[in-house]
Each structure stands twice: as C-alpha cells, then as structure tokens.
Amino acid sequence: MRLSWNEIRARAAAFAEDWKDARYEKGETQSFYDAFFGVFGVSRRRVASFEHPVKLLGDRRGFIDLFWKGVLLVEQKSAGRDLKRARTQALEYFPGLKEPELPRYLLVSDFQTFDLTDLETGEGVSFRLDQLAHHVERFGFIMGVERRSFRDQDPANVLAAELLGKLHDSLKDAGYDGHDLERFLVRLLFCLFADSTGIFETRGAFEEAVRETREDGADTGSFLIQMFEVLNRPEAERQKALPDHLAQFPYVNGDLFAERLRIPAFDAKMRGQLLEACGFNWEKISPAIFGSLFQSVMDRAARRKLGAHYTTEKNILKVIEPLFLDDLRAELAHIRGLKTGRRQRLKALHEKLAAMRFFDPACGCGNFLVIAYRELRQLELEILNALRALGERDDETLEMDVTQLSRIDVDQFYGIEIEEFPARIAETAMWMMDHIMNNALSAAFGRHFARIPLKKSPVIVHADALETGWADVLPPEQCSFILGNPPFIGAKFQSDVQRAQVRRIAALGGSGGTLDYVCAWFLKAGEYVRRGAPARIGFVATNSITQGEQVAQLWPLLFDRYRLEIAFAHRTFAWGSDARGMAHVHVVVIGLTRREDEPEQKRLFAYDDIKGEPHESRHAALSPYLIDASGLADRHIVIERRSTPICDVPVVRFGSQPIDGGHLIFEFDEGLILRQRHPELSDYIRPFIGAQEFLNGGDRWILALRNAPLPVLQHEFVIERLKAVRQYRSESTRKATRDLAAFPSDFAFTTIPEAPFLALPSVTSERREYAPIGWLEPPTIPSNLMNVALDAERWHFAVLTSAMHMAWLREIGGRLKSDYRYSIGIVYNTFPWPELKDADRARLNDLGQAVLDARAAFPEATLADLYDPDVMPAPLRRAHQALDRAVDRLYRKQPFEGDRERVEHLFALYERLRAPVIAAAQKKPRRRRG
C-alpha cells in the first residue's frame, strides 16, 4: 500500500529528528540515504548504488556518491563543506555518462542542507534538514510521482524504440514472431514504463525480478509469461505459494495480460537486451510519440529512418486546439473572471469535460487520442485547482478524496485501426498517459493516485475504418469530436481495393473521380454526422484536396450532401519531424461542423514559411481553397475543369505525345549521327523539347513522319522504327493504344507548330517565384510535358508570367509531389484575364519584352538557373517586379498585399465570369408538343 503525503511528512519529521545529532561524516552516507529512501517507502538498494565509477575528462576516474541511472545523482559532503563546489564536482561527472544514464535530478547535501535541482525544468530548492517534511513533494520522483514535459525531438524516444527493436529482432530471428511477438512486446512496454514511473509500487521491481532469472536466459521467457499471468489475476485469487518477487506486482486488468501467449525461448543475449531496456529510464518517453516509433521498429528497413514515422505533438495541437481545446480554455478563463457563480460554473464545466467523447477513425498508435486525453486532463486539473482556490474543500478532505476528483478517464476515447499491433499500442499508450496525468494530480493534491487495477479502457477497434460502421464503435449522438490523421494515398497509388472503397463511398458515378484516399474519411465523417452526431470534425489531409481537380469532386459532397461548413483551417504547411531521413509532406488541417452549428467567425491559419509558425485571421466564410470567401456570393464556389478558356484568349494545348516505347526519340548525339548518316531524313528528325530540356537545357530528337512522302516511309531505317512502334503499341493493356498500332507513323497526340509558339512547362518547382515560360520556334516539336499556345502574343506572355497568374497557379493548380502542376483545364482555362485596352496591350508588350531582354543578357544560363530564387539576377527580378505592378493595376488600383489578396480578387472575378455560363447551362430547351 502506498504512503500518503501526510504519512511521508510524518516519516520525514521522524527522519530529521533521528539524524539531527549525527556526526555528519561522509562515511555515514549509505545509512543516511537508506533511511532517507525509506521515508518514501522505497528500498534504495533496488534503484540506486553508491560509489558508482565514472570516467572523467583527461582519462581520470571518479566515483559518484549515490547514482540512480536516469533519475538522480547525489554528491554528498561532510558537514559545513561548500555545496557550490560540490555542485560543480557533480556536473563534471556528466560527460562520462551515457545518454540514457543522464539524471533528471541533481542533489548536493552536507547532511544538514539539501540542494535539489530539476535539470529538465531548471527549478531548484534549498532547505535545512529540519525543513524536510515541508519539501517531501519535491522528492515524489522516488515513488514515481513527478510532472513530465515532453519534447518532440527528445532522443530518449528514439533510444527507447531502438532498445526494444533489438530485442524484437532477436526474438524474431529465434522463431518467435507474429501476433505473439507483437503482444509480448506491448506487454513488455507496459512493464518497463510501470517499473520507472511508479505503477508498480517499488521502482525497479521488474528489473530486479528479471535479474533473478538465470544468466543464460533459459528461464527468462517462462518467468515473463508467468509474471503476465500474475498481473492478470487479482491478489485474492493468486496461488498462496507464489514467490515474493512475483507476488509483489499488482493486479493490472484491462485485458492487457488476458491472452495466453507462447513462451518465448530466451538466451543470454536476449536476457541482456531486456536488462538493458530495464536500465533505461522509461519515464522520459512520450506515450504519444513513442507509439509510432515503437511500431516502426517492426520494419528493419525503416529502422534507418527511425524518427521519420511519427507525428509531432506540435502538429497534433494544430488540430485539437481549434477543434475543442481553445474553446474550453476560453470558457475556463471567462469563468475565472466572473465575480459570482464561479463555483457552479466550474463544476458545470467539469461535468461537460466528463461527458465528452472523442473518436479517431484512423488512430494508428493513438497519437491524437493520447494528446487530446493529456490536454483534457490538464484542463481538468486547472478546474480542480480553481475550485480549491475558492475553498471548495479543505486540504485534508481533498487528500482523502483524490481518487474521486478526476472525472475524466480513458473510456471517453475511441478509435479504429486497421493493423492490430498499433491498435494495441494505442491502448497501452493511453494507459501510460493516464498514469502520467494521475501523477500530476497526485503532486497537486497530496496523495498518490494510480488507477490500478485498470477498470476502464479506451475503445480501440481493430478493423478497416472504411468497411466498419462507425456507429457500431460509437453511437453518433454520443460523439463530441472526430479527429485524426487518415492515410495519404493519391489516386494513382491506391490499390484496387482502396480505389474501390473511395469510389463506393464518394458515389460520384462515371469514372469514379480521382480522389485521394484521405477523402474517404471526410465523406464517412460527413455521413456519420448526418446520422445524428453533434460532433465537430478535425482532420489532417494532403493539400491536394484544396487544389486542382479534387476540389470540385470532394467539396460539393461535403457542402451539399452532408451540409458541412468549414469552421477552421490551416493552410499548407510541412507536416513531419526534423528527424534524419524525413521527407516533409505538404498538408492542410480542415475543421468542419454541421451547418446549423457553424461559428460566426471562421479561423484561418496561414504560413509565410511552410516550415514556420502560422498567423491567424478570422473570416465570415472560408472557401474550400482555404481563402476568405466573405466577398463571394457563393462561398462554396469551386473551380471546375473547362475545355475552353473562360476569357477570349488563345487556346492552349498539349505538346506531342508519341506513345512509341522510345523508338522514335533519340538523345542529342544519337540524333546528330542519324541526320549525318541519313541526310534524306534530316527534315523529319526534329528537335524534341520537354519541360526538362526547356528548363535545364539539352536537346533530344524525334522522328516526325506526319505528311511524310512514301519514299521516306519506305526508308529501311524508318521501316525498322515503325515496326518496333507497332509492336510496342500492340502489346499495350490500353485498347486505345492497341488501336493506334495500325498507324505507327502517327503520334497519339500531335502538336507540330508552324510558327513561333509560347511554351508553358506542365510542372514547375515550388521554389520558383515565377513559372518560367517562353518562346520556341519550328522545327522544334514540344513534348506532351509542355503546354503550348500557338497564337499567343507578347502581352499574353506578360500576363502569364506575372505574379497575378502565379498566385492563381499556386492556389488552383494541383501538385506533382510538391511541385506546381500547370493544368490547362484547371489553371489556364479558368484564369480571369483583365479587361484590356490597346494601350494596356502595348504597355504589356514592352514589359514582357523587358523580361525577355533581361533573360537574354545571360546567354549561358538556363531558365532553371535564372529562376532559382537564391541567385535570380537582379535585372531579371526588377523586370518581373515592374511587370507585376503593371498587371496588378490592371485588376485594381489598390495594391495587393500578397498572393492571398490576389487570389481572393480573382475568385470574385471568376464568379462573375462563370455566372452567365452556368445560367446558359441551366436553361433547358422547351419540349415540342405532339
């Protein structure tokens, strides 16, 4: 039975009385600290050692007076000695310690005075021996009671995962794998955490029990399985002859240890790996981050990128704060500011928290649920502290009722996870966080509080969320918030099963659309809310659902079918960690609510730097492109693909697409040789330019045989090439390509300009301020990776290379990886051009020419060189800036503050341009009678 703080204070007073007349010699250190640890009901021998050897700088050796790895370092001096020098001496030991051994607490003492520092928070306290009873809470870590803060990039999380990863590999190599191995490791995780944090009454008890097994490991596996059975059985039902080192462990329950597992066959190496894990201070790890790291150790190939597979707490808060936490904090702040009625309002808020239910339908290892639970418990603690400050109960009653104070428990949290192992990790991580928050409650209210045995559990269902009825997991009317980070899989990368799931849920008809996999969770959430859930929704998604063609497919369903509205959003930012090997994914956060519940002011978080911090703005309405829609008649407006330009401008088309298996295309040197060897074919072997060549230089050639005379088609070299093309096309899985095999001299799509033409690369780097476009001329043939305007003039070039058009491209165009995709149907054909007079066109001609002249001043540089934002030549930048100012003024006289303002203005123009088109489409012809 654990001691209460009142009991510990009484023991501390007795300890001080016993030692007040001691001689205070350093030789008494061991008996002094044995008794000191006894004040807290803990055996010093189980956790800490005296005279611990350590290597100092300069090949010297020293000895730490008392050392508890990862927790406490004590430098003890005789009475009256200088404690400042003692602290300096203690710090000299740190370079000789390994990372997991570094202590959180540093204590220097001369028997009469204690000087304790929390090295994590920087907080310290100094007091006399006779004042110990007033400061015992500072030593709560001896019992596993301490406040914890977590850092996203804390190396302890990675190191802990690596420790279990080594044991995982050894067990798997020995033939212990599959379901049993995964369950076994999850149980070990709980035991290791429990051993370091006070869930088990005596810290270090688990490690000591493991050490009692044989050194060759022969009985280690059977001991662990027996221990799991002990943890699953109430004390009253256990065998009476159970050894003390097993009987000391509490009944855990929670079904964590219920299933019978195969006995793993340990050897000496495995036992050593387990003891190494036992020696680690597991109270340092974050349950939210560690879960995903722990899952990653299952994949050896992913181990080299360990740390790249988890979601940072900072990014999780970007979802849960605007979803519910900010409102709850604001409500608490408001109550604190009231002059009357605070007690009743605080109690009502507490009841409100206890009634909430949280649901993550793609929960993985539970990151979002764990952080949401932690923040809710922290808010509850603030409420309880506020009640205590109002004199709700006296301190003694508070201490006696500590186990009844918390109304929030893990059974308020629900999840669905398709893989069993992360589902079980999620459960365990929730229990781990529960214990951490119980410790925080204990520290605040003066009595140890641990929910052991586990009476409540989070509801984590092992299933496919897209095939499971969410209402079967949590009835919609009980759900408060739906949150999470569903999987990102683009339409082209989905399996047949995944693609079928998305199309079934979206029910778009026709070809089924090109929705990202994450969209299925948005639609399922919409259906769930429509069935009666008052819940708000907060999901992370790839930014593709707010750009390109997916917008017109997804958002009308959310707005019209499910009657949802955007309540808050984070515009594009980089999602991930700074861990080695991590590729940042560009994401958005979308918060949705039922139309009848939408807030008057919608919150929008925008990023000047996608890896930086956002700035918040508030708006009456938000567009699915995550811009202000307050000025639009239709805030739900989406940009739909068009086959022709919405304004009177030249048509843009794709370049030539041969679909030839490479048999008609030649590298530069090869093409030169062919033209020299076969001069009669030189008019038909023509330069072939794609986006790569256009931007970075270099040339290829293509055999273009359109309208070629019969003698050319009968040329031996040509016959050989056409035969290979015919063979390649005939073996295609696409019917259209197979049909094209009958016409091997034709391209699948043909664009062969006969005059200079404007070339627009289909993809451009996200780093560039301007998409490099320019002029090419015959005999060059553009590839299908180039968009081509055959009848463009220089003023068209000027508008298309302006900041105004670039803003439209960035906001409306889709992405290829992180690069901008220039879609003719989505970007060019929908772009609202300014109304121009002849003088305006003349001015734009001059400014466009100035840009071309600035490029021409650097003949050795490629377009990629010229438009690298880090080295863009000053004359070229000035020419673009002058052009930008002129184009902006053609749209409005007032300058735009940035791209968002430009896009918002363009949307209003687009809405006006689109109105007559829609009206014409909606006008139905009358039926003839008879």
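**Stop 1: helices α14 and α15**

Select residues 342–355, helix α14, and residues 367–389, helix α15. In this predicted model, the two helices pack at an angle of about 160°. Their axes lie 10 Å apart. That angle makes α14 roughly antiparallel to α15, because angles over 145 degrees count as such. The crossing of the pair is left-handed.

Now show side chains. Which residues of α14 and α15 make the contact? From α14, pick R343, L346, K347, L349, H350 and L353. From α15, pick L376, L379, E380, I383, L384, A386 and L387. Colour them by class: the contact has nine nonpolar, one polar and three charged residues.

**Stop 2: helices α6 and α18**

Move to α6, residues 178–197, and α18, residues 420–445. How far apart are their axes? The axes are 10 Å apart, and the packing angle is about 10°. Angles under 35 degrees count as roughly parallel, and α6 and α18 are therefore roughly parallel to each other.

On the α6 side, select H179, E182, R183, V186, L189, F190, F193 and T197. They meet E420, F421, R424, I425, T428, W431, M432, H435, I436 and N439 in α18. By class, this contact divides into nine nonpolar, five polar and four charged residues.

**Stop 3: the nonpolar cores**

In soluble globular proteins, nonpolar side chains tend to be buried together. Here, the largest nonpolar core has 119 residues. Which residues have the most contacts inside this core? They are W555 and F907; select both. Then add helix α21, residues 519–530. Helix α21 gives the most to this core, with eight residues.

Zoom in on W555. Set aside its neighbours within four places in sequence. W555 is then in contact with I545, I566, I590, L592, P624 and V638.

Another core lies apart from the largest one, with 110 residues. To find it, select A209, W282, I408 and A440, which are among its members.

**Stop 4: an enclosed helix**

Select residues 803–812, helix α29. How many of its 10 residues are buried? Nine are, so α29 is largely enclosed by the rest of the structure. The buried residues are A803, M804, H805, M806, A807, W808, L809, E811 and I812. E811 is a charged residue, and it is on the buried list.

**Stop 5: backbone details in loops**

Start with the peptide bond from P778 to P779. This bond is cis, with omega near 10°. P779 sits in the loop between β22 (774–776) and β23 (781–782).

Next, centre on I659, in the loop between β16 (652–654) and β17 (665–667). I659 is not a glycine, yet its phi is positive, at about 45°. Its relative accessibility is 23%, so I659 counts as partly exposed.

Then go to N707, in the loop between β19 (700–703) and α25 (710–713). Is N707 buried or exposed? At 71% relative accessibility, N707 counts as exposed. N707 is not a glycine either, and its phi is positive, at about 65°.

**Stop 6: two glutamates**

Select E17 in helix α1, residues 5–19. E17 counts as partly exposed, because its relative accessibility is 46%. Add D130, which is 113 residues away along the chain. The C-alpha atoms of E17 and D130 are separated by 7.6 Å.

Now select E321 in helix α13, residues 313–336. At 24% relative accessibility, E321 counts as partly exposed. Beyond its neighbours within four places in sequence, E321 is in contact with D326 and R329. Measure from E321 to G898, which is 577 residues away along the chain. Their C-alpha atoms are separated by 27 Å.

**Last stop: the whole chain**

Zoom out. The protein chain has 34 helices and 26 strands. Its C-alpha atoms fill a box of roughly 110 × 70 × 65 Å, taken along the principal axes. What percentage of the 930 residues is buried? Buried residues make up 56%. Finally, take the contacts between residues at least 6 apart in sequence. Of these, 73% join residues at least 24 apart.

Notes
Residues are numbered from 1 along each chain as its sequence is written. This is a predicted model: local features need pLDDT of at least 70, side-chain atom pairs count only at pLDDT 80 or more; totals for chains, interfaces and linings use all residues. Side-chain values use heavy atoms; hydrogens and water are left out. Axes are lines fitted to C-alpha atoms, for helices over the stretch in contact, and angles run from 0 to 180 degrees between N-to-C directions. Helices (H or I, at least four residues) and strands (E, at least two) are DSSP runs, numbered from the N terminus. Angles under 35 degrees count as roughly parallel, over 145 as roughly antiparallel, 65 to 115 as roughly perpendicular and the rest as oblique. A crossing is left-handed if the near helix is turned anticlockwise from the far one by less than a right angle, and right-handed if clockwise. Contact means heavy atoms within 4.5 Å. A nonpolar core is a set of buried Ala, Val, Leu, Ile, Met, Phe, Trp, Tyr and Cys residues joined through side-chain atoms within 4.5 Å. Buried means under 20% relative accessible area, exposed over 50%, partly exposed in between (1.4 Å probe, protein chains only).
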